[in-house]
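The following exercises concern the geometry of one structural model. Each task is followed by a solution in steps.

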Amino acid sequence: MRWLCFVLVATLILSVAPTAARKIRVVATTNDLKWAAEKIGGERVEVVALMHPLQNPHTVQPRPSFVVQLNRADLLVRIGLDYEETWLPPLVEESRNSKIRRGGIGDVDTSIGIPLLEIPAGRVTREQGEVHIFGNPHYWLDPENMKIIARNIAEGLKRVDPVGTSVYESNLRNLEREMNELLVETLKLAEPLRGEKFVAYHTTWSYLANRYGFRIIGYLEPKPGIPPSASHLADLILRMRQEKVKFIIKEPFYESRTPNMVAQRTGAKVIEICPTVGGEKGTETYPKLMRFILTKIVNAVQGLN
Amino acid sequence: MVRWIALFLSGLVLTVAFGQENANSNDTKEQELQQLRERVATLERLVQLLQEELATLKRNGYALQSQTQLVALQQQTEAEKRKLEEELQRELQKNPPSPAPRPSPPAVIYGGGLWQALNPDNSVIANFRTGFRGKRPFASFMGSEFSEAELAFQAATDPFSRLDTFVAISPEGAEIEEATLTILDPTFLRLPRNLQIRFGKLLAPFGQLNSIHPPEQPFVDSPLVHRLWFGHVHAEHEHEEDEHEEENGHQEDEGENHEHEEGNGEQNSRQRQNGRQHQLTPANVPTEGLFTGSGLSLNWLIPTGKHVTWLTVAPLNVDNPTFQANSGRPVWLARIRHLHELSPTQTLNLGLNYAFGRNDLGNDTRLLGFDFTYRWRPIREGLYRSLVWQTEAYWGWRDTGNGTVKPKGWFTMVEYQLSRTLFLGARYDFAQSPDKSFSGRGFSLAITLFPSEFGRYRLQWNRQRIGGQTVHEVWLQTTFSIGTHRPHPL
């Protein structure tokens with residue numbers, strides 16, 4: 001009889017206890033967006049990132065798990081412009097999830113409102129290589145832009161989960177405050193970089209250079225996405241010698257031979273940096289990433305000077 | 001009196017509380033103000049530094065040099081550049097750089113700006129090839145031809161569906177290769193969202209390679225089984241057969257020279273006037289084969305853990321050497337495809353295919369197919385290395401009225417990415433003709449160079465034995481695309 005009472009009471013408790021609300025499923029294309037979505041969504045969201053931080057965005061191999069995640073997603077957070085254009089649209093289509101298709105309630109293009117750099121002027125043709133036709137999409141490497149990214153994410157979350165509006169707004173304010181502090185801190189940290197000249201492999205670092213006052217005077221790729229040629233490298237080496245450029249920045253997913261060849265002939269130093277959260281130890285969050293990147297460049301500059 | 005004291009005390013408490021709140025709020029504002037002051041100070045320092053830099057540049061940078069000095073400097077720079085260029089060229093040739101384009105995903109570029117808004121994605125893929133054929137490589141010049149210009153028009157029609165049209169224009173004329181209306185969101189028809197419905201002229205859901213249009217496939221020609229079972233014998237091939245018969249007698253005569261040519265425009269035009277029924281023989285095997293048909297396709301997506309399975313059923317009106325159009329009933333196709341994630345860098349695609357319809361004799365033909373595709377691309381070096389291994393095997397049961405003929409065919413091919421721009425491919429294939437009157441086998445090697453994502457040059461060597469005759473083929477293919485071409489899904 002006692003057992004029967006226990007079972008009845010337990011059943012009653014379980015039946016009246018509120019069922020745990022399902023978390024909002026967010027799929028972000030990169031780890032940087034994943035970090036921002038987690039900061040804004042807090043406990044109300046579960047976030048996955050599709051791209052590996054050490055992966056070149058142009059060579060993402062679509063995997064079946066991407067389809068599964070997109071199929072179940074409430075929100076898709078993407079860099080936009082043409083950053084994921086070679087692999088994301090077919091996957092979204094294959095996911096059969098109309099919420100996350102372009103213009104859907106769960107589609108968040110974080111580039112909206114970003115003051116973009118390097119928007120090509122005039123007619124764009126493939127003569128210009130794999131030029132980013134809407135402007136440079138590596139805009140997350142600036143804490144000011146991270147605030148805009150966060151606002152876009154908060155708007156998206158409010159659309160799919162209006163109940164959590166106050167939470168998202170409060171978290172957004174916190175993130176904006178954190179970014180303001182980060183900006184003050186990193187501007188101080190990056191003071192030695194002001195006016196320094198660099199050469200990069202690809203156009204990844206434009207927003208970082210713009211914010212922290214250093215200059216990228218040339219690229220190892222003659223045009224975006226076009227492999228370096230001997231003629232272009234010869235020109236670049238001469239320019240580096242003339243302008244006394246002492247640093248080459250490259251991402252881990254580009255080969256090292258060409259930067260080393262150029263470095264050997266110019267006396268420059270190659271700095272390898274991953275531009276994405278989680279690509280290297282000590283870059284698990286966005287603020288850590290920004291500090292890590294700037295510290296690495298500053299150390300290189302100060303070490304050489 | 002007590003009432004007044006109580007009122008006074010309440011007022012005091014409220015004033016203190018309000019004052020504290022104000023003080024807290026003032027503290028926060030003060031902190032923010034302090035941060036802003038620090039930021040302004042930092043920016044001021046930055047402006048000062050930039051001004052100093054500008055002044056230095058102005059002081060040093062405009063030192064005038066004489067014309068002679070300038071010319072000498074320029075010559076010195078030019079000489080230095082030439083020397084460097086030669087040196088770098090030597091080094092690059094010695095050990096080719098590890099760069100590479102995207103192997104599979106074709107071009108996606110939205111050149112244009114606002115005036116392109118709402119226009120469909122338009123692209124042209126131009127395919128030009130030159131071939132040699134004979135008992136030895138380069139024995140006989142087969143001709144050069146602009147084999148195909150594939151025009152693609154693709155766009156969403158509305159929030160629920162999209163239209164994709166591919167028109168192949170070749171020396172034989174224009175042909176709609178694929179034109180499909182895909183309902184991407186069938187919930188407006190109160191159907192489950194994981195169902196995808198397609199209408200129109202489709203690439204038949206039979207095997208994995210058949211989902212790719214010929215100009216984008218990894219070899220110049222299609223595998224033999226596709227060419228024999230699904231290819232269309234064009235007029236010029238028919239003419240070749242005539243010549244072949246005149247010169248060498250019947251096709252079964254082994255050991256004779258079966259060299260033949262294709263791509264001669266004059267011959268083509270003469271043959272286009274010939275309305276004869278085209279018969280598949282060893283001498284007129286087409287270069288390409290694509291299994292297409294008109295009708296309907298229902299595709300169901302089943303997420304299984306971190307893997308995906310698709311079930312497809314498609315009744316199609318098909319006309320090729322295996323199935324006959326207008327036979328009174330459609331060809332029924334069914335495909336089950338499973339895409340398995342082995343690791344973040346490796347996937348395995350498995351497919352089981354079935355087709356059932358009527359052949360040219362009005363009797364039943366059934367096909368069974370199995371395919372697997374293994375893909376590998378490392379995370380960090382994905383721009384420079386990748387591997388695709390694809391194998392497909394088909395079996396047929398063709399009712400001739402006097403019995404059943406059981407042809408079969410298969411191919412296996414590997415493509416390895418050597419560097420950022422270079423791919424090496426190898427293929428071995430075997431197939432019997434649908435009526436099993438002859439068979440063929442071949443080995444191919446292809447090296448493909450991608451100078452950019454939008455173009456490629458390919459050199460291919462084939463050694464084939466078809467209907468008892470051994471021939472070598474050497475192909476040079478150039479394929480370029482302009483406009484916006486959507487990447488292929490998974």
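Helices (H or I, at least four residues) and strands (E, at least two) are DSSP runs, numbered from the N terminus. The model is a predicted one, in which local features need pLDDT of at least 70, side-chain atom pairs count only at pLDDT 80 or more, and totals for chains, interfaces and linings use all residues. Residues are numbered from 1 along each chain as its sequence is written, while chains are lettered from A and ligands numbered from 1 in the order in which they are written.

**Exercise 1. Chain A in outline**

Task: state how many helices and strands chain A has, and describe its box, its burial and its contacts.

Solution. Step 1: chain A has 10 helices and eight strands. Step 2: along the principal axes, its C-alpha atoms fill a box of roughly 90 × 40 × 35 Å. Step 3: a residue is buried if 20 or more other C-beta atoms lie within 10 Å of its own, exposed if 12 or fewer, and partly exposed in between, with C-beta atoms placed from the backbone. Of the 305 residues in chain A, 52% are buried. Step 4: two residues are in contact if their C-beta atoms, placed from the backbone, lie within 7 Å. Among the contacts in chain A with a separation of 6 or more, 62% come from residues 24 or more positions apart.

**Exercise 2. Two domains of chain A**

Task: give the bounds of the domains of chain A and characterise the contact between them.

Solution. Step 1: domain bounds come from an automatic or database domain assignment. For chain A, this assignment gives domain 1 (20–185) and domain 2 (191–301). Step 2: the C-alpha centres of domain 1 and domain 2 of chain A lie 25 Å apart. Step 3: domain 1 of chain A gives 25 residues to the contact, and domain 2 of chain A gives 24 residues. Step 4: on the side of domain 1, the elements that give two or more residues are α2 (31–41), α5 (143–160) and α6 of chain A. Step 5: Ala, Val, Leu, Ile, Met, Phe, Trp, Tyr, Cys and Pro count as nonpolar, Asp, Glu, Lys and Arg as charged, and the others, Gly among them, as polar. By these classes, the side of domain 1 of chain A that touches domain 2 has 10 nonpolar, 10 polar and five charged residues.

**Exercise 3. An open sheet in chain A**

Task: derive the strand order of the open sheet of four strands in chain A and place α8(A) on this sheet.

Solution. Step 1: two strands pair if DSSP finds at least two bridges between them. The order is β6-β5-β7-β8 (chain A), with parallel pairing. Step 2: β6 (215–219) and β8 (269–272) of chain A are the edge strands, each pairing on one side only. Step 3: β5 (residues 197–200) and β6 of chain A are joined in the parallel sense by four bridges; A:Phe198 has A:Ile216 in β6(A) as its bridge partner. Step 4: α8(A) packs on the sheet and touches β5 and β6 of chain A, its direction making about 155° with that of β6(A). Here axes are lines fitted to C-alpha atoms, for helices over the stretch in contact, and angles run from 0 to 180 degrees between N-to-C directions.

**Exercise 4. The buried side of α9(A)**

Task: explain why the buried residues of α9(A) are on the same side.

Solution. Step 1: the buried residues of α9(A) are A:Thr258, A:Pro259, A:Met261, A:Val262 and A:Thr266. Step 2: they cover an arc of only 160° around the axis, so they are on the same side of α9(A); the arc is that of the directions from the helix axis to the C-beta atoms. Step 3: just after α9(A), A:Gly267 takes a positive phi of about 75°.

**Exercise 5. The interface and strands of chain B**

Task: describe the side of chain A that touches chain B, then trace the pairing of β11(B).

Solution. Step 1: 53 residues of chain A are in contact with 58 residues of chain B. Step 2: α8(A) gives the largest share of the side of chain A that touches chain B, seven residues. Step 3: this side of chain A divides into 22 nonpolar, 17 polar and 14 charged residues. Step 4: in chain B, β10 (residues 364–376) and β11 (residues 387–399) run antiparallel and are joined by 12 bridges, with B:Asp371 opposite B:Glu392 in β11(B). Step 5: β11(B) also pairs in the antiparallel sense with β13 (residues 408–417) of chain B over nine bridges, and B:Trp389 has B:Val414 as its bridge partner in β13(B). Step 6: β11(B) and β12 (residues 404–405) of chain B pair in the antiparallel sense over two bridges.
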